[in-house]
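Colleague: I've just opened this one and don't know my way around yet. Could you walk me through it, one question at a time?

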Amino acid sequence: MDAVIRKISIGTDYKNEAMHYSIGQQVYGGHEIAYIKSDQKDSSYNIYIKKGDEVMPWKKFNCNMAISVEYDLEY
């Protein structure tokens, strides 16, 4: 079972300097973060954005970066 990722934070200083990305957040000229998925094949995290009906990959972070993951607790 894959847990749904709600938020991902990238950076060593979570409170002051990390970049935070959450589902539903407005980014990149009117797009919205649609999904955050982990890829077990290459130990990365991928962020997908949507505008209208179109969903596309936006950012990919590898396991060599400081990453904090928050899961969606609604089940």
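Colleague: Let's start with V55: is it buried, exposed or partly exposed?

Modeller: Bear in mind that this is a predicted model. The relative accessibility of V55 is 41%. Buried means under 20% and exposed means over 50%, so with its 41% V55 counts as partly exposed.

Colleague: Which residues does V55 touch, leaving out those up to four places away in sequence?

Modeller: V55 is found in strand β6. Once residues up to four places away in sequence are set aside, its contacts are Y35, Y48, I49 and K50.

Colleague: And how far apart in space are V55 and Y71, C-alpha to C-alpha?

Modeller: V55 belongs to strand β6, while Y71 has its place in strand β7. In sequence the two are 16 residues apart. In space, C-alpha to C-alpha, the separation is 21 Å.

Colleague: How far is Y71 from I8 in space, then?

Modeller: Along the sequence, Y71 and I8 are 63 residues apart. Y71 also touches A3, V4, I5 and R6, not counting residues up to four places away. From C-alpha to C-alpha, Y71 and I8 are separated by 8.8 Å.

Colleague: Is Y71 buried, exposed or partly exposed?

Modeller: Y71 has a relative accessible area of 42%. Exposed would need over 50%, and buried under 20%. With 42%, Y71 is therefore partly exposed.

Colleague: Let me zoom out. What pattern does the chain follow along the sequence?

Modeller: The secondary structure comes to 0 helices and 7 strands. Read along the sequence, that gives β-β-β-β-β-β-β.

Colleague: What is the radius of gyration of the chain, and how does that fit its length?

Modeller: For 75 residues the globule rule gives 11 Å, and the value for this chain is close to that, so the chain is as compact as a globular protein of that length. The C-alpha trace spans about 35 × 30 × 25 Å along its principal axes. The radius of gyration itself is 12 Å.

Colleague: What percentage of the residues count as buried?

Modeller: A residue counts as buried when its relative accessible area is under 20%. The chain has 75 residues, and the share that count as buried is 27%.

Colleague: Which residues make up the largest nonpolar core?

Modeller: That core has 11 residues. The strands β1 (5-10), β4 (31-39) and β5 (44-51) each supply at least two of them. The full list is I5, I8, I10, Y21, V27, I33, I36, Y45, I47, I49 and F61.

Colleague: I33 is in that list. Which residues does I33 touch beyond four places in sequence?

Modeller: I33 is one of the residues of the largest nonpolar core. Several of its contacts are core residues too, including Y21, V27, I47 and I49. Altogether I33 touches Y21, S22, I23, G24, Q25, V27, I47, Y48, I49 and W58.

Colleague: G24 shows up there. Where is G24 placed?

Modeller: Leaving aside neighbours within four places in sequence, G24 is in contact with E32 and I33. G24 has 34% relative accessibility, so it counts as partly exposed. Its place is in the loop between β2 (19-22) and β3 (26-27).

Colleague: What's unusual about phi of Y28?

Modeller: Most residues other than glycine have a negative phi. Y28 lies in the loop between β3 and β4, and with 57% relative accessibility it counts as exposed. Its phi is positive, near 45°.

Colleague: What about S43: what is its phi?

Modeller: S43 lies in the loop between β4 and β5. With a relative accessible area of 38%, S43 is partly exposed. S43 is not a glycine, yet it has a positive phi of about 50°.

Colleague: One last spot: how far is N64 from S44, C-alpha to C-alpha?

Modeller: N64 lies in the loop between β6 (54-62) and β7 (67-71). At 69% relative accessibility, N64 counts as exposed. N64 and S44 are 20 residues apart along the chain, and their C-alpha atoms are separated by 8.9 Å.

How values were computed: Residues are numbered from 1 along each chain as its sequence is written. This is a predicted model: local features need pLDDT of at least 70, side-chain atom pairs count only at pLDDT 80 or more; totals for chains, interfaces and linings use all residues. Side-chain values use heavy atoms; hydrogens and water are left out. Helices (H or I, at least four residues) and strands (E, at least two) are DSSP runs, numbered from the N terminus. The radius of gyration is taken over C-alpha atoms; the globule rule is 2.2 Å times the number of residues to the power 0.38. Buried means under 20% relative accessible area, exposed over 50%, partly exposed in between (1.4 Å probe, protein chains only). A nonpolar core is a set of buried Ala, Val, Leu, Ile, Met, Phe, Trp, Tyr and Cys residues joined through side-chain atoms within 4.5 Å. Contact means heavy atoms within 4.5 Å.
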